[in-house]
Amino acid sequence: MTETTSFTPRNPAFEQVIRASFLAQGLMKTLGVELRSVAPGRVVMELPYSPAVAQQQGLFHGAGIGAIGDVAGGYAALSLMPADSEVVTVEYKVNFVRPAAGGLLRAEGQVLRAGKSLTVCRIDVSAVENGQATVVALLQATFMRVAA
C-alpha cells in the first residue's frame with residue numbers, strides 16, 4: 001500500500017498508547033500477531049504462519065485475515081485520535097482476492113478519512129513468501145472514537 005495522505009496526530013503519545021493497547025489484546029497474543037510499525041494514520045502488523053491460524057487446506061484462515069485487518073485499521077484510526085480515546089469497530093467489509101498462502105501475513109492499515117467521531121480506513125492484507133508480498137485481502141472499515 002502506498003501512503004497517499006499525511007496526517008498530524010492529535011495525541012503526541014499516540015505510539016506509546018497503541019503499543020500498550022496492543023499488548024493488552026488477548027486475541028492478537030493468542031494468534032501470535034506482532035506489531036511492526038506505527039505512524040500517524042498507518043499501522044503494520046504481521047502474523048507468522050502456523051497450523052493454529054490455518055484452515056483445512058493449509059492456507060491462512062479467513063477469520064485470522066479479518067482479525068488482523070480489523071486491528072491494524074483500528075490502531076491506524078486510533079493514531080489520529082485525541083488523548084484519552086479508544087476505538088471500536090463500526091463495520092468492516094473484506095474482499096478475499098487470492099488464496100492466503102505464505103510464511104507470513106502482513107496487514108497494513110491506512111486512514112482514508114479521519115473525522116471527529118468516525119474514521120474510515122483501508123487495510124491491505126498480504127501473504128509474504130521469500131520476501132515477496134502478494135495482496136490476498138482488501139478491507140474497508142469504519143471506526144468510532146469512544147472515551148477511554
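In E5, Val111 has Cys121 as its bridge partner, and that pairing is a handy way into this predicted model. From there we can walk out along the neighbouring strands, then look at the charged pairs, the nonpolar core and the largest pocket. Two numbers to keep in mind: the salt bridges come to six, and the largest nonpolar core has 38 residues.

**Strands and hairpins**

- E4 and strand E5 (residues 118–129) run antiparallel, and 10 bridges join them.
- These two strands, E4 and E5, make a hairpin with three residues between them.
- Besides the Val111 and Cys121 pair, Arg113 sits opposite Val120 in E5.
- Strand E4 (residues 104–114) also pairs with strand E2 (residues 42–48), again in the antiparallel sense, over seven bridges.
- Over on that side, Pro48 faces Leu104 in E4.
- E5 has a pairing with E6 as well, antiparallel and running over 12 bridges.
- Within that pairing, Ser126 stands opposite Val135 in E6.
- The hairpin of E5 and E6 has two residues between the strands, and Asn130 there takes a positive phi near 55°.

**Salt bridges**

- As background, side chains of opposite charge can pair when their charged atoms come close.
- Glu34 and Arg36 do this through their side chains, with N to O at 2.2 Å.
- Both ends of that pair are partly exposed: Glu34 has a relative accessible area of 30%, and Arg36 has one of 44%.
- Arg36 also meets Glu46 in a salt bridge, this one at 2.7 Å, N to O.
- Since Arg36 lies in strand E1 (residues 34–39) and Glu46 in strand E2, the pair ties together parts that are 10 residues apart in sequence.
- Glu46 counts as buried, at 9% relative accessibility, whereas its partner Arg36 is partly exposed.
- Another salt bridge joins Glu108 and Arg42, whose closest N and O atoms are 2.7 Å apart.
- With Glu108 in strand E4 and Arg42 in strand E2, the Glu108 and Arg42 pair links distant parts of the chain, 66 residues apart.
- Here both partners are buried: Glu108 has a relative accessible area of 12%, and Arg42 comes in at 18% relative accessibility.
- Through shared partners, salt bridges join Glu34, Arg36, Glu46 and Arg106 into one network.

**Nonpolar core**

- In soluble globular proteins, nonpolar side chains tend to be buried together.
- The largest nonpolar core in this model has 38 residues, and those with the most contacts inside it are Met45, Tyr75, Leu105, Ile123 and Val125.
- Helix H1 (14–23), E1, E2, H3, E4, E5 and strand E6 (132–147) each supply at least two residues of this core.
- H3 gives the most to this core, with nine residues.

**Helix H1**

- Ile18 is part of helix H1.
- Ile18 is buried, with a relative accessible area of 0%.
- From Ile18 to Thr142 the separation is 124 residues in sequence and 18 Å in space, C-alpha to C-alpha.

**Largest pocket**

- Rolling a probe the size of a water molecule over the atoms shows where empty space is left.
- The largest pocket has a volume of about 170 Å³.
- Its lining is made up of Ser21, Gln25, Asp70, Val71, Gly74, Tyr75, Glu86, Val87, Val88, Thr89 and Phe143.
- Helix H3 (62–78) and strand E3 (85–96) are the elements that give two or more residues to this lining.
- By residue type, the lining of the largest pocket divides into five nonpolar, four polar and two charged.
- Tyr75 turns up in two places: it lines the largest pocket, and it is among the residues with the most contacts inside the largest nonpolar core.

Key: Residues numbered from 1 in each chain as written. Predicted model: local features only at pLDDT ≥ 70, side-chain atom pairs only at ≥ 80, totals over all residues. Heavy atoms only, no water. 1 Å grid on protein atoms, 1.4 Å probe; cavity = no way out; pocket = protein on both sides within 12 Å on 5 of 7 lines; lining within 4 Å. Points joined across faces, edges and corners; volume = space filled by probe spheres on them. Helix = DSSP H or I, 4+ residues; strand = E, 2+ residues; numbered from the N terminus. Nonpolar A, V, L, I, M, F, W, Y, C, P; charged D, E, K, R; others polar. Pairing = 2+ DSSP bridges. Salt bridge = Lys/Arg side-chain N within 4 Å of Asp/Glu carboxyl O. Buried < 20%, exposed > 50% of the residue type's maximum accessible area, 1.4 Å probe, protein only. Core = buried A, V, L, I, M, F, W, Y, C linked by side-chain atoms within 4.5 Å.
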